[in-house]
Amino acid sequence: MNNIVIVGAGEAGGRAAIALRDGGYTGRLALIGEEVHAPYERPPLSKAAIVEPDEPRPTTISGGDRLGELDIERMTDVAVAAIERAERTLALSDGRRLGYDALILATGARARSLNLPGGEHALTLRSFEDAQRLRERIRAAERVIVIGGGLIGLELAAAARTLRREVTVLEADTRLLRRSTPEILASAVEARHVREGVEIAKGVRIERIDPRGRGFVVHSSLGSREADLVVGGIGALPRTELAVAAGLAVENGILVDAQLRTSDPDILAVGDCANFPHPLYPGRRMRLEAWRHAFASGAHAAQTLLGGDDAYAALPWFWSDQYDLTLQIVGLVEAGEAIVARELGDGATLLFHLDRDGRLVAAAGLGTIERIGKEIKLAERLIGRRASQSAAALADPGVNLKRLL
Amino acid sequence: MAEWIDACAKDDIDAEDVMRFDHGGKTYAIYRSPDGEFFATDGLCTHEKIHLAGGLVMDDIIECPKHNGRFNYKTGVAKGAPVCVNLATYPVRVQGDRVLIEI
Ligand SMILES: Cc1cc2nc3c(=O)[nH]c(=O)nc-3n(C[C@H](O)[C@H](O)[C@H](O)COP(=O)(O)OP(=O)(O)OC[C@H]3O[C@@H](n4cnc5c(N)ncnc54)[C@H](O)[C@@H]3O)c2cc1C
Ligand code: FES
């Protein structure tokens, strides 16, 4: 193999490029991204980029400054328009064509837009430019309505509230954070927002958004609410259009095997756009929108292309920051059947999720980073051990989790 | 001028653990390795300035509590994303049951 092309220059694509060179690959390597920036970290976009007083700049991914030294053809501000598999050729948006021996799809996800009249008035967040715009608009606003009580909606609500804006979160579901977070912790997150003065309404059906003056009116089952700014945080959709058009198997993401190969063995998929199996959770497939997965699957695809046969096995893990609270979840909460809570003091909680056999399959922590950081790392290692754990020991904060390893 | 500062008692830190130490407007992390040796580094992660003392020590590695950036606390070398900038380290001396660092 002498000609590898990576489509999408985010965390996963950038990481794959660095890992290929670090792994000894010396052939041609191209990294194509439609954004103008070097691969950058998205997590700060809903946090520091909004609240910090200094104008934000994109944070290049770790090691990203080395991309220039690694003999990588970097094409920015150009998109891949089509994959012609029979010729192993890519068609680019500027008319260029580019051959490949192996392809890594790292196209990420896009923010879902609100599919209702006036939905285009709700600003969404995915890119650095989106964050810059939101930063300006939040700062110029008095009243902000956030549609969607998921992670990004709540992080933006916290950011806007930290900047002392009046903030309302409208959630369609009867609870917040259903997709990502166990109910006990989601309620605690909600309580914190309410204490900070955010208004949270659940079970709300949005009907339409009308412009009025320099602001908007959001019509919903709650009635009509005015705001200077409407933010949409209703999730993300994997960017699978290239894969679909090329006839690859796609179902909630681009389907890959344990080595991250798609239904075409010359094409791999990584990061937010990929749907993969996990050896710790047999019989399931997952698609994750989380920084660690982007990083680890990018690196793993490089190993596969360099001849590795290992199954991709990085544990799912994400964090979210709201006010001084950190939420961290490791493992797969849905795989658990019982929950054991460990109280860590100062209101911090760690939930252990155990499967039918008493094995730890996930842990979820909420509190300050000082309280939960170390504990969740130990929980992660316990998950990796796959041993059954005593619920009493897990629940007792006096028992050092390190001893259970 | 570098000087030796009394940071803590030996018993303040368990083996294979870390403690925060603030001095002169700066913050440090003091480590005790699994075999009982002491080490000191800057207290804040080079990624987003989080206190490393809330992290996990395993063998020679401190893992940052925030995004799992890893450093070798004996050498300060960054060991994996998202961290790529090394940590400053400081000489440590044990005197009786006290741990001193040179800063
Ligand atoms: C606002 C925000 C906050 C987040 N916060 C957290 C957090 O706190 N914790 C956490 O764990 N995770 C967080 N995440 C998730 C994490 O950032 C993502 O999982 C990660 O960025 C995914 O990396 P990726 O490389 O798969 O996709 P992306 O980062 O989306 O990169 C894909 C790139 O491919 C480009 N591209 C797509 N199609 C084409 C094409 N046809 N041609 C050329 N280029 C193309 C895109 O423009 C993009 O630059 C957050 C995400 C967002 C958006
Ligand atoms: S703050 Fe330490 S890894 Fe990000």
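This briefing describes the surroundings of ligand 1 and a group of aromatic residues in chain A. The structure is a predicted model. Ligand 1 is surrounded by 35 residues, and the protein covers 95% of the 1,000 Å² of accessible area that the ligand has on its own.

**Composition of the shell around ligand 1**

- The shell comprises 18 nonpolar, 7 polar and 10 charged residues.
- Domain 1 (3-110 + 236-305) and domain 2 (113-232) of chain A each contribute at least three residues to the shell.
- At least two shell residues come from each of helix H1 (11-22), helix H4 (151-162), helix H7 (291-305) and strand E21 (317-322) of chain A.

**Contacts with ligand 1**

- The residues that come nearest to ligand 1 are A:Glu35, A:Arg42, A:Lys47, A:Arg126 and A:Asp272.
- A:Lys47 places a polar side-chain atom 2.6 Å from an oxygen atom of ligand 1.
- For A:Arg126, a polar side-chain atom lies 2.7 Å from an oxygen atom of the ligand.
- A:Trp319 approaches through its backbone, with an N or O atom 2.9 Å from a nitrogen atom of ligand 1.

**Aromatic residues**

- Over all chains, the whole structure contains 9 aromatic pairs.
- The ring centres of A:Trp291 and A:Trp319 are 6.2 Å apart and the ring planes stand at 65°, so this pair is edge-to-face.
- The pair joins distant parts of the chain, as A:Trp291 belongs to helix H7 and A:Trp319 to strand E21 of chain A, 28 residues apart.
- A:Trp291 counts as buried because its relative accessibility is 11%, under the 20% limit.
- A:Trp319 is likewise buried, with a relative accessible area of 11%.
- Ring pairs connect A:Trp291, A:Phe295, A:Trp317 and A:Trp319 into a cluster.

Key. Residues are numbered from 1 along each chain as its sequence is written. Chains are lettered from A and ligands numbered from 1 in the order in which they are written. This is a predicted model: local features need pLDDT of at least 70, side-chain atom pairs count only at pLDDT 80 or more; totals for chains, interfaces and linings use all residues. Side-chain values use heavy atoms; hydrogens and water are left out. A residue is near a molecule or strand if one of its heavy atoms lies within 4 Å of it. A polar contact is a pair of N or O atoms within 3.5 Å; within protein, one must be able to donate a hydrogen and the other to accept it, and residues adjacent in sequence count only if both atoms are side-chain atoms. Accessible areas come from the Shrake-Rupley method with a 1.4 Å probe; for residues, only the protein chains shown count as cover. Helices (H or I, at least four residues) and strands (E, at least two) are DSSP runs, numbered from the N terminus. Ala, Val, Leu, Ile, Met, Phe, Trp, Tyr, Cys and Pro count as nonpolar, Asp, Glu, Lys and Arg as charged, and the others, Gly among them, as polar. Domain bounds come from an automatic or database domain assignment. Rings of Phe, Tyr and Trp (its six-membered ring) pair if their centres lie within 6.5 Å; planes under 30 degrees apart count as stacked, over 60 as edge-to-face and the rest as tilted. Buried means under 20% relative accessible area, exposed over 50%, partly exposed in between (1.4 Å probe, protein chains only).
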